[in-house]
Amino acid sequence: MNFRAQHLLSVRELSSDSIEEIFAVAEKMRPYANRQKVTRVLEGAVLGNMFFEPSTRTRVSFGCAFNLLGGEVRETTGLSNSALAKGESLYDTAQVLSGYSDVIVMRHPQSHSVEEFSLGSRIPVINGGDGPNEHPTQALLDLFTIKNELARLGQSIDQLSLTLLGDLKHGRTVHSLCHLLSLYSGLKIQLVAPEALSLPSSYVDLLVNAGHQVEIGSNLEKGLSQANIIYQTRIQEERFASAEEANQYKGYFRLNKQIYSDHCLPNAVIMHPLPRDSRNNANELDNDLNKEPGLAIFRQTDNGVLVRMALFACILGVENQLSKHERNVNWHVGLRK
Ligand code: CP
């Protein structure tokens with residue numbers, strides 16, 4: 001995929017080469033994301049950040065990424081606050097918003113809604129998550145994190161032994177990640193879920209057909225034992241018919257320091273797309289892991305800014321102009337590692 005002036009609606013559009021291109025540009029974003037330098041390469045550009053479903057990190061990190069490149073952000077949150085609630089179509093909404101912005105990020109609760117929206121857009125549209133279907137930029141930042149964490153351990157992607165854990169049926173981040181992993185072969189992948197929430201067979205087939213060694217089970221301890229990367233997901237209660245149905249699975253898998261010490265490989269990396277459900281009845285990733293060096297969840301969220309900056313730069317064609325618009329920061333940068 002050549003990103004210039006293109007939509008990013010699905011991970012299916014991505015090739016290994018295009019992913020490597022994005023990751024190389026993401027690495028160039030570190031000085032700006034770490035506030036060592038400022039670049040104003042997108043000065044004058046406007047991002048339309050349209051989130052019709054709840055979000056913290058995707059919405060804010062897309063906004064931050066655009067701001068860090070010097071652009072302005074205009075956003076709307078919640079279906080009820082938009083004219084969609086008055087019956088306006090996605091097509092009309094897209095026609096209108098694309099007159100106001102240079103690129104649009106959209107999240108919406110229905111599968112394929114972002115694709116439908118893109119048909120009315122005159123500017124590039126990035127899928128920020130469409131219902132249970134896909135979350136392509138999360139998959140990109142997850143793969144970027146997997147590669148970086150393995151490198152930190154002195155390993156490469158060929159040595160990946162990944163355990164996907166939790167609600168694999170509804171988790172769109174897992175579905176999108178499976179597509180990216182299908183671009184590789186010969187990896188070890190353990191799928192650990194309650195039977196009713198297991199990974200849909202189409203994704204299992206995708207992994208098997210790519211030549212990965214796939215194990216399926218529902219035993220937490222066994223599923224953790226071989227993994228150098230553990231990717232936990234939340235029970236996606238918003239995708240169930242009722243809260244009662246979702247509640248059956250809350251707390252089914254609880255990963256804490258004791259289980260990590262007793263059953264995981266030394267230095268195993270823990271990832272999670274977040275939010276983690278920290279309520280008592282779920283507590284899926286215990287706070288007693290917060291100081292564990294293997295807990296990568298906040299390195300993962302930081303990486304989201306790098307990857308999203310890279311996507312904006314490539315889509316808007318400024319990836320080679322960053323340093324031309326660069327200066328030192330004016331303010332004191334404190335408490336940042
Ligand atoms: N990972 C993720 O999509 O988080 P938000 O729902 O907070 O955007």
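A polar contact is taken here as a pair of N or O atoms within 3.5 Å. With that cut-off in hand, the ligand site of this predicted model can be read one contact at a time. Glutamine 138 places a polar side-chain atom 3.0 Å from a nitrogen atom of the ligand, which therefore falls within the 3.5 Å limit. Histidine 135 also takes part through its side chain, where an N or O atom is 2.9 Å from an oxygen atom of the ligand. Proline 273, in turn, contributes its backbone: a polar atom there lies 2.9 Å from a ligand nitrogen. Taken alone, the ligand would expose 250 Å², and the protein buries 91% of that area.

The surroundings of the ligand also include Ser55, Thr56, Arg57, Thr58, Arg107 and Leu274. As for its location, the ligand sits in the second largest pocket.

Two helices round out the picture. Helix H6 covers residues 136-152. Its 17 residues reach 24 Å from the first C-alpha to the last, close to the 24 Å expected at 1.5 Å a residue. H6 is mostly covered, with 13 of the 17 residues buried, and it is followed by glycine 154, whose phi is positive, near 75 degrees.

Helix H12 spans residues 297-315. Because each residue should add 1.5 Å, its 19 residues are expected to span 27 Å, and the end C-alpha atoms are indeed 27 Å apart. Of these 19 residues, 15 are buried, so H12 too counts as mostly covered. Just after H12 comes glycine 317, with a positive phi of about 70 degrees.

Note on methods: Residues are numbered from 1 along each chain as its sequence is written. This is a predicted model: local features need pLDDT of at least 70, side-chain atom pairs count only at pLDDT 80 or more; totals for chains, interfaces and linings use all residues. Side-chain values use heavy atoms; hydrogens and water are left out. Helices (H or I, at least four residues) and strands (E, at least two) are DSSP runs, numbered from the N terminus. The expected span of a helix is 1.5 Å times one less than its number of residues. Buried means under 20% relative accessible area, exposed over 50%, partly exposed in between (1.4 Å probe, protein chains only). A residue is near a molecule or strand if one of its heavy atoms lies within 4 Å of it. A polar contact is a pair of N or O atoms within 3.5 Å; within protein, one must be able to donate a hydrogen and the other to accept it, and residues adjacent in sequence count only if both atoms are side-chain atoms. Accessible areas come from the Shrake-Rupley method with a 1.4 Å probe; for residues, only the protein chains shown count as cover. On a 1 Å grid over the protein atoms alone, a cavity is a set of points where a 1.4 Å probe fits but cannot get out, and a pocket is an open set with protein on both sides within 12 Å along at least five of seven lines; lining residues have an atom within 4 Å of a point. A molecule sits in a cavity or pocket if more than half of its atoms lie within 2 Å of its grid points.
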